[in-house]
Structure formats: C-alpha cells, structure tokens
Amino acid sequence: MARRENSEINAGSMADIAFLLLIFFLVTTTMDVDSGIARKLPEKSPIDNPDVIVKQKNVFDITVNRNNQILIEGEQYVKVTDIKRLAMDFIDNGGGVGNSIGDKPGEPCDYCNGAKDPLSSDHPSKAIISLQSDRGTTYGMYVSIQNEIEAAYNELRNKLALKLYGRSYDAILSDYKDNATESLKVKIDNLKDKYPQIISEPEPIK
Amino acid sequence: MSKFKKKKKGLPAISTASLPDIVFMLLFFFMVSTTMRETDLLIKKPALPTASEVKKLEQKSLVSTIYVGKSKDARISGDKIQVNDKIIDVKDVPSFIFSERALRKEEEVKYMTTSIKADKEANVGTILDIKEQLRDINALKISFSTTKGNDLKGNY
C-alpha cells in the first residue's frame, strides 16, 4: 500500500479539547481580587509594662454600642459619615507641641491647618483615636468606622503631600508601586511620619 | 453554453478551522486572570461589607484567610469561623496560623497577612476575639476583606 505523503494530523478535535480545558478552568477558578482595609495589630506588651499616661484631650473617643449608635467624646451622638470630618479636625488641630525627640523639646505642628484649639489634640503625633466597640456591634458598622478613620488619615496625608510635593499621597503610593525608588520611599515615610496612624482599641464592652 | 452556466451551490459551510484558536484564546484569558478556588465554604457565603479606602492584597501566596459567617443551617445561631475546609473554634486560630507558617519559608513569615472575610452581620466580639488570638502569636498584619465601593449605607 502506498503511503500518502504529508498526511495531515486531524485537528478537528482540537476545539473539543480546548473547550474541555476552558470549562475546567471556568469551574475551578475564581475571579475575585482580595482587597480590604489593612491594619497592623499592636504587639503584645509585656506584663510589667508601665502604664502610659495620655492626656484626655489627646484622645478622640469613639464608642459604638450594640445598636450601632455612635458616641463621640462621650457626649456627641453622630452618624458614621460625620466621623471623618470630626477625626480630621481632631488630628489636624495642632493646639500644642509634639513629642520630644531625644533631648529636643517638642515643636508645635507647623503643617497643621486645624483650629489650634487648646482643648483638642496637641499634635498629630500625639493624637490617638480610640475605638471602643460592643461585642454585639455588627461587623459592617465596625468596618465602616475603620474606613472613615482611614479616610481621615488619607485625606490629611493627601493634603500635605499636595502642599509639599505637588502630588497626592495616593498618587505617590501608586508611583511607588510602579517604580520603587528611594526618593519616593522617603516621601511616603515622611508623610506617614507627619500623620501617624495611632488607633487604640480597648477591650469591647460585654 | 455550459461554460457560463452558474454552478448551483448551497451555502458553504462556515469554516471552523479557527475555532480552536478562539477557544484557546479564551482559555488563556481565564488562566491568566483568575485564581484557583482554594476552599469550599461550609458556612453561608459571607456578605462582605463595603469600604472606600481599600488596599489590594499583594502576594496571594502569603495570605491566609479566615472566614466568619453564619452557619448554613438556619437553626444554628452565632458566628462560625472557617479556615481551610473545616469549621473551628476561636481557640484553634493560633494553630491554624502556625500550620500556615510551617508551609512558608522562614524569611517570608513576617510578610504573611491574615485576611478576615467576615459577614457584615457578624458580631464584632467574634472578630475581636480572633484579633486577640492573632496578637498573641504575633501575626500582626491583618486585612479586613471588603468590596470596594463608595456607598457605605449597606453596611449597617
């Protein structure tokens, strides 16, 4: 029997094979990107750690109860959407001097745009946000408040970044992601240093 | 005459020669843009809260996920915690993190993140318990998994 030359491989079933693979991948994979609010937990303090004394005026108290009602500074009943503005006013107040570094005495905040109210926070580096929640608070509410606090810090950093570098903090962060240079890192660290996130979460109300 | 006679022909069959190419293209698209599904949920799929200030989780391989939500059985109340393919107690969270750490290289451990995927109806008490456990074993990087959006009304 004469063998035919260049007999072609039958590719008719190629499509079927590819479809089979395609369906396999469609079933076993998901498309969701994982994103969320990033938080760093405080390290566990040693038992014999002395208590740190903080002035009441440097603490911004947010209390949320099991009915998802929010109380600010123990006196003001607010909505979630108000937290961002109130927190920004509090952090950016700059009514006193900052933490002393080594022997150098603390300096007043020269980049704050706040009201300089002596009854509110002294300096962004001293301003603590305390979020006291109830065990029965819903997680959605908790995340919303965390989100508002994050938004307050981000907006303050954005404003300062625009003033110092002519670009917003978000833009600098995305630049850094594309092209990690030392100068960008210095900028980011500086901004984070100017407005450090100090969030305290006391034990929940039982 | 027959020279000019029009040949009568039916519709020519659509060529399927490029079909494999098209399907392969789709296949590659899905292979690149999706990730493997790791766990089957034993609890009710958590309805994640919405947040506007979200960060994308980098390096999926260093993320360990904890699910919190209601049981599928409506008669069982309370929040259930699921890791990998089993429902666990809060006290077992550290051993889960240790087993996750054992799978990674030692120098990668400090970059590991714990992603908490919790239902927006879950109790904060459960979440804070998990956080306390994570703090005990120095797994300090966490992420509250959310969907991105500007409308936070649905959260509460």
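**A core and a sheet shared by two chains**

In this predicted model, the largest nonpolar core holds 46 residues, and A:Ala87 and B:Ile127 touch the most other members. Helix H3 of chain A, residues 139-165, contributes the largest share of this core, with eleven residues. Leaving aside residues up to four places away in sequence, the contacts of A:Ala87 are A:Phe60, A:Ile129, A:Glu148, A:Ile149 and A:Ala152.

Turning to the interface, 44 residues of chain A and 49 residues of chain B take part in the contact. On the side of chain B that touches chain A, at least two residues each come from helix H1 (19-33), strand S1 (35-36), strand S3 (55-56), strand S7 (113-118), helix H3 (124-136) and strand S8 (141-145) of chain B. H1(B) gives the most to this side, with nine residues. By residue class, this side of chain B comprises 25 nonpolar, twelve polar and twelve charged residues.

Strand pairing also links the chains. Strand S1 of chain A (residues 29-30) pairs with S1(B) in the antiparallel sense over two bridges, and A:Thr29 stands opposite B:Met36. An open sheet of seven strands follows the order S3(B)-S2(A)-S8(B)-S7(B)-S4(B)-S5(B)-S6(B), with mixed pairing; its edge strands are S3 and S6 (86-88) of chain B. Within this sheet, S7(B) and S8(B) run parallel and are joined by three bridges, with B:Thr114 opposite B:Ile142 in S8(B).

Helices pack across these strands as well. H3(A) lies across S2 (35-40) of chain A together with S7 and S8 of chain B, at about 75° to S2(A). Helix H2 of chain B (residues 93-103) lies across S4 (63-70), S5 (79-83), S6 and S7 of chain B, running at about 150° to S4(B).

Key:
Residues are numbered from 1 along each chain as its sequence is written. Chains are lettered from A and ligands numbered from 1 in the order in which they are written. This is a predicted model: local features need pLDDT of at least 70, side-chain atom pairs count only at pLDDT 80 or more; totals for chains, interfaces and linings use all residues. A nonpolar core is a set of buried Ala, Val, Leu, Ile, Met, Phe, Trp, Tyr and Cys residues joined through C-beta atoms within 7 Å. A residue is buried if 20 or more other C-beta atoms lie within 10 Å of its own, exposed if 12 or fewer, and partly exposed in between; C-beta atoms are placed from the backbone. Helices (H or I, at least four residues) and strands (E, at least two) are DSSP runs, numbered from the N terminus. Two residues are in contact if their C-beta atoms, placed from the backbone, lie within 7 Å. Ala, Val, Leu, Ile, Met, Phe, Trp, Tyr, Cys and Pro count as nonpolar, Asp, Glu, Lys and Arg as charged, and the others, Gly among them, as polar. Two strands pair if DSSP finds at least two bridges between them. Axes are lines fitted to C-alpha atoms, for helices over the stretch in contact, and angles run from 0 to 180 degrees between N-to-C directions.
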